[in-house]
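Me: I'm new to this one and would like to know the reasoning behind the terms people use for it. Could you walk me through it?

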Protein chains: 2
Amino acid sequence: MLQYQETPLDLVFQALADQTRREMVERLSRGPASVSELAAPFAMSLSAVGQHLKVLEASGLVRSEKHGRVRTCRLEAEAMRRAQQWISLRRANWEQRLDRLGEYLDADDSNETTTGSQP
Amino acid sequence: MLQYQETPLDLVFQALADQTRREMVERLSRGPASVSELAAPFAMSLSAVGQHLKVLEASGLVRSEKHGRVRTCRLEAEAMRRAQQWISLRRANWEQRLDRLGEYLDADDSNETTTGSQP
DNA sequence: CTGATACTGAAGCATTCGCTTCAGTATTGA
DNA sequence: TCAATACTGAAGCGAATGCTTCAGTATCAG
C-alpha cells in the first residue's frame with residue numbers, strides 16, 4: 001500500500017473554503033451518500049451540487065464510484081489528515097517559539113521583540 | 001480571558017486556500033515580521049501583499065500592530081486551532097465509523113454497504 | 001526641512017467561482 | 001417498451017479574487 005494520490009494542499013483548503021462543501025463533508029463524515037442525498041439539504045440545483053462534488057473530488061477529500069445510475073460518495077480520510085497536519089505543524093512551530101520566548105523572558109526581561117529575527 | 005474573536009471558519013479556510021498566503025503563514029510561524037519582510041520572497045507588489053495580509057487578518061489567523069511606520073504581524077494560534085479542530089472532528093467521526101463497520105463485518109459478513117443509512 | 005522608507009487606498013482589469021437553465025445520457029421499475 | 005430517475009455537460013452570467021499601477025500619507029534619518 002502506497003497510493004499515488006497527493007493532491008496539492010491548495011485544492012484541499014480551496015475545497016474547504018466553501019460553506020456548502022463543508023456541509024457536504026460534514027454529511028459524508030456520518031456515512032457515504034449518493035449525489036441526490038448529498039444535494040437534499042440545499043436550496044440549489046443538482047447541477048450545482050455536482051459541481052461542488054467535482055471540486056471535493058479534485059481535492060482528494062472525497063472519492064466516489066458509480067453503480068448503475070447512482071454515484072456513491074465517501075470521505076477520504078488521508079486528504080483530511082494532510083490538511084490537518086499542515087495547520088498543526090505551523091501552529092506547533094509558532095507555539096513552541098512562544099514557549100522558548102517565555103522562558104527567555106523569565107530569565108532576563110530587558111529586551112525588545114520587534115522583528116523576531118536576529119541579524 | 002475569553003476573547004470576542006470567533007471569525008467564521010469560511011474566512012479561515014478561504015485564507016489558507018491561497019499559496020501566497022500559506023507561505024506568509026509559514027513565514028510568520030517562524031516569528032513576527034513587518035509587511036516588507038513578509039513581502040520580500042514574492043514577485044508581486046507590496047500592495048498585493050498588503051491585500052493578502054488583510055485577508056489573513058480578517059480570518060483571524062494573523063494579528064498586527066503598527067509602531068511608527070512599521071506594521072508588525074504575528075500568527076494567531078487560536079484561529080489555527082479552530083481550523084485544525086474542524087477537520088480533526090470530521091475525520092475522527094468518519095474513521096470511527098469505519099472502525100465500527102470493520103468490527104461489524106468481522107462478526108457477520110453477509111451484508112451490503114451501499115448507502116450507509118438504515119431506512 | 002528634505003528626501004527616503006514603509007506602508008495604504010482607490011481604480012481598473014483579467015480570471016475564477018458559484019450558481020442558473022436547458023439539454024442530454026444511462027439505468028431502472030412497471 | 002416507456003416513462004421516471006439519477007445524474008452529467010455546456011453555456012452563460014453576475015460577483016468575488018488576485019493582481020496591477022498610481023497616488024497618497026505618515027514617519028524617520030540626516
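Me: What makes chain A and chain B copies related as by a two-fold rotation axis?
Reply: In this predicted model, a turn of 180° with a shift of 0.0 Å along the axis lays chain A on chain B, with an RMSD of 0.0 Å. The two copies are thus related as by a two-fold rotation axis.

Me: And why is it said that the copies meet through the same surface?
Reply: Because 100% of the interface residues of chain A are also interface residues in chain B.

Me: Why are α2(A) and α4(A) called roughly perpendicular?
Reply: Helix α2 (residues 19-29) and helix α4 (residues 46-59) of chain A pack at an angle of about 75°, with axes 10 Å apart. Roughly perpendicular covers 65 to 115 degrees, so the term applies to this pair. On the α2(A) side, the contact is made by A:T20, A:R21, A:M24 and A:V25; α4(A) brings A:V49, A:H52, A:L53, A:V55 and A:L56. By class, that gives six nonpolar, two polar and one charged residues.

Me: How do you know that A:Q51 has a polar contact with a base of DNA strand C?
Reply: The cut-off is 3.5 Å between N or O atoms, and a polar side-chain atom of A:Q51 lies 2.8 Å from a base nitrogen of DNA strand C. Chain B offers further cases: B:S47 has a polar side-chain atom 3.0 Å from a base oxygen, and for B:R69 a side-chain N or O atom is 2.6 Å from a base oxygen.

Me: Which element gives the most to the surface near DNA strand C?
Reply: That is α4(A), with four residues.

Methods:
Residues numbered from 1 in each chain as written. Chains lettered and ligands numbered in written order. Predicted model: local features only at pLDDT ≥ 70, side-chain atom pairs only at ≥ 80, totals over all residues. Heavy atoms only, no water. Least-squares fit on C-alpha atoms with pLDDT ≥ 70 in both. Contact = heavy atoms within 4.5 Å. Axes fitted to C-alpha atoms, helices over the stretch in contact; angles between N-to-C directions. Helix = DSSP H or I, 4+ residues; strand = E, 2+ residues; numbered from the N terminus. Parallel < 35°, antiparallel > 145°, perpendicular 65-115°, else oblique. Nonpolar A, V, L, I, M, F, W, Y, C, P; charged D, E, K, R; others polar. Polar contact = N/O pair within 3.5 Å; in protein donor to acceptor, adjacent residues only side chain to side chain.
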